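Q: I am new to this structure and would like a close look at a single part of it, namely the salt bridges and the surroundings of their partners. Please take me through them step by step, in one connected answer.

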Amino acid sequence: TPNDPEQTDEGPEAGADLDMHFLHPFATGEDIDGDGEPDDWFDQPFDCYWFNPRPNWASIDPMINDDPGLDRDDTDGAGPENVNLNVPQEGLVYKVGVHYWNDHGYGPSYATVRIYIYSTLVFQISDVELVGLDMWEVAKIGWPSGQVDLILNSGGNYKIMPNYQHPFFIP
């Protein structure tokens, strides 16, 4: 966030707030982007993000570590935000996204997303410009192959939806 003079400071509105989203393929939600199709983002319980940091996606047995978890929600600066899924479900394709929740007056930010599989960096995309309320659909992750595919719009550009604001979450 170039307009934030101290990106590592902490506190309410001390920096821009971008949120990591991690989707199960069962996610469906409201048609926020107005294209006539339900959107996946902000689905309960199939979107893991700040409001749903530890959803139950698979076995109800608490001894099986097969649910994702948002380990860090950075609300005021340079991040990172971190989501882990230790036991993915076979045959599924998960999706990763970034929502620019609130710029707190700091303007555009440049997002970097890194995807690790078994602690190995397998995908990275850096410095993608986002402005307040942008929703960026970043990548799909197939399991068990570990195949990561960048999501692009029909024009071959990053799939960034502007003014993407769930009516339940007004910043």
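A: D71 has a relative accessibility of 42% and counts as partly exposed, because that value falls between the 20% limit for buried residues and the 50% limit for exposed ones. This is a predicted model, and in it D71 forms a salt bridge with R54, the closest N and O atoms being 3.2 Å apart. The pair links distant parts of the chain, since R54 lies in the loop between strand 2 (47-48) and strand 3 (69-72), while D71 lies in strand 3, 17 residues apart. R54, with 57% relative accessibility, counts as exposed, whereas D71, at 42%, is partly exposed.

The salt bridge of R54 and D71 is one of those in a count that comes to 5. Another one joins the side chains of R72 and D74, with 3.6 Å from N to O. Here R72 is partly exposed, its relative accessible area being 34%, but D74 is at 7% relative accessibility and therefore counts as buried, the limit being under 20%.

A further salt bridge is formed by K159 with E137, whose closest N and O atoms are 3.6 Å apart. Because K159 lies in strand 10 (residues 159-161) and E137 in strand 8 (residues 135-142), this pair ties together parts that are 22 residues apart in sequence. K159 is partly exposed, with a relative accessible area of 28%, while E137 is buried, with a relative accessible area of 7%. These two residues also belong to a wider arrangement, in which salt bridges that share partners join D40, K95, E137 and K159 into one network.

For contrast in topic, a look at one strand and its neighbour may help. Strand 6 (residues 109-117) has a covered face made up of S109, A111, V113, I115 and I117, and an uncovered face with Y110, T112, R114 and Y116. Strand 6 runs antiparallel to strand 7 (residues 120-130), and 8 bridges join the two. I117, from the covered face of strand 6, stands opposite T120 in strand 7. The hairpin of these two strands has 2 residues between them, and in this hairpin Y118 takes a positive phi near 50 degrees.

Notes: Residues numbered from 1 in each chain as written. Predicted model: local features only at pLDDT ≥ 70, side-chain atom pairs only at ≥ 80, totals over all residues. Heavy atoms only, no water. Buried < 20%, exposed > 50% of the residue type's maximum accessible area, 1.4 Å probe, protein only. Helix = DSSP H or I, 4+ residues; strand = E, 2+ residues; numbered from the N terminus. Pairing = 2+ DSSP bridges. Salt bridge = Lys/Arg side-chain N within 4 Å of Asp/Glu carboxyl O.
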